[in-house]
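Biologist: I should like a close look at a single part of this structure, explained for a first-year student. Please take one helix and the aromatic residues around it, and describe how they are placed.

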Amino acid sequence: MKVFVLTGAGISAESGIPTFRGDDGLWEGHRVEDVATPQAFQRNPKLVHEFYNKRRRFLQNESVVPNLAHQALAEFERDHDDEFLLVTQNIDDLHQRAGSRQVLPMHGELLKARCTLTGDVIEWRDDLTVDTVHPTEPDLVGTLRPHVVWFGETPIGLDQIADFAQRCDLFIAIGTSALVYPAAGIVQSTGPHCRCVEINLDDTPQSSHFDTALRGKASVEVPRFLQSL
Ligand code: BJW
């Protein structure tokens, strides 16, 4: 059985990372749509850097660790014989820390920076500012940006995602509001024989395209569902 898992902010909520569109989904009064765009970065790079600096610092806080849902997915992958792909919209590294190996972070990675001039992608754990010097190109100042996908930019790995969506036998969407495309539309690109399962606290605009809706916390529903397979 070929298994495709798509995760969103809800899977990391129980690790203490706020979701984007929940009650606590505003960052200092800004909607994510207002800070996660190339236009916002051009207009006010200091504000956008600060948005990511705070989240990068928080992610490295020792209290932030993978939860039972991340762990169950990693364990399932370890014991699974056929093809498996975990596509995450999250920029945290909690799946990788839990031990997942086939992880495709389609909206980028918070612990990486990218040079807007050379395209270099660099491991990055410190704050970024408009004065940050490129570590291997000392003439380049202020060219590094977070290695994340903003609105209007092309997500990472779309060919691999489209190919596996058509071939998988089981598609599981976990903790995503299904408001942001193209991730929200993946369920509709799965093949006719694919079983689609949505795990979320609530219904989403895509719920009618799933065969099974499991309503509850990811830390409970994900281990329970994977054990049932
Ligand atoms: C729990 C839980 C618990 C909580 N247990 N569950 C009109 C129509 C269609 C598309 C568009 C349109 N206008 C514009 C577009 C395109 C646009 C888009 O989709 N806009 C929408 C707002 C309409 N998309 C783009 O621009 C994308 N690029 C693109 O389209 O390029 C063109 C292209 C397409 C195809 C081929 C080639 C080119 C890029 C989107 C980039 C999104 N970036 C962000 C920021 C990333 C960096 C960062 O983290 O800062 O990605 S925005 C933000 O939203 C982030 C997330 O990954 C993404 C999705 O959010 P997610 O994960 O679903 O979180 P929430 O908070 O929304 O939901 C949490 C869910 O969990 C809820 O449902 C809860 O109930 C649940 N939950 N606790 C279980 N314990």
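Modeller: A residue is called buried when its relative accessible area is under 20%, and exposed when that area is over 50%. The model discussed here is a predicted one. F4 has a relative accessible area of 0%, so F4 is buried.

The helix in question is α7, which spans residues 158–167. Its buried residues are I161, F164 and A165. Viewed down the axis of α7, these buried residues fall within an arc of 105°, and therefore they line one face of the helix. The face turned away from the buried side carries the exposed residues D159 and Q166. On the buried side, the residues of α7 pack against three strands, namely β1, β2 and β3.

L158 also belongs to α7. Its relative accessibility is 31%, and L158 therefore counts as partly exposed. Leaving out residues up to four places away in sequence, L158 touches M106 and P182.

F164 deserves particular attention. Its relative accessibility is 4%, so F164 counts as buried. The structure holds seven aromatic pairs. In one of them, the ring centres of F4 and F164 lie 5.9 Å apart and the ring planes meet at 20°; the pair is therefore stacked, since planes under 30 degrees apart count as such. This pair joins distant parts of the chain, for F4 is in strand β1 and F164 is in helix α7, 160 residues apart.

F4 has a further partner in F171, which is buried as F4 is. The ring centres of F4 and F171 are 5.1 Å apart and their planes stand at 70°, so this pair is edge-to-face. Here too distant parts of the chain are linked: F4 lies in strand β1 and F171 in strand β7, with their positions 167 residues apart in the chain. Together with F210, the residues F4, F164 and F171 form one aromatic cluster.

The wider setting may now be considered. In soluble globular proteins, nonpolar side chains tend to be buried together. In this model, the largest nonpolar core has 19 residues, and those with the most contacts inside it are V5, I172, I174, V222 and L226. Among the elements that give two or more residues to this core are β1 and β7. I174, for its part, is in contact with residues including V5, L6, L73, I199 and V222, when neighbours within four places in sequence are left aside.

Conventions:
Residues numbered from 1 in each chain as written. Predicted model: local features only at pLDDT ≥ 70, side-chain atom pairs only at ≥ 80, totals over all residues. Heavy atoms only, no water. Core = buried A, V, L, I, M, F, W, Y, C linked by side-chain atoms within 4.5 Å. Buried < 20%, exposed > 50% of the residue type's maximum accessible area, 1.4 Å probe, protein only. Helix = DSSP H or I, 4+ residues; strand = E, 2+ residues; numbered from the N terminus. Contact = heavy atoms within 4.5 Å. Arc of directions from axis to C-beta. Phe/Tyr/Trp six-rings, centres within 6.5 Å; stacked < 30°, edge-to-face > 60°.
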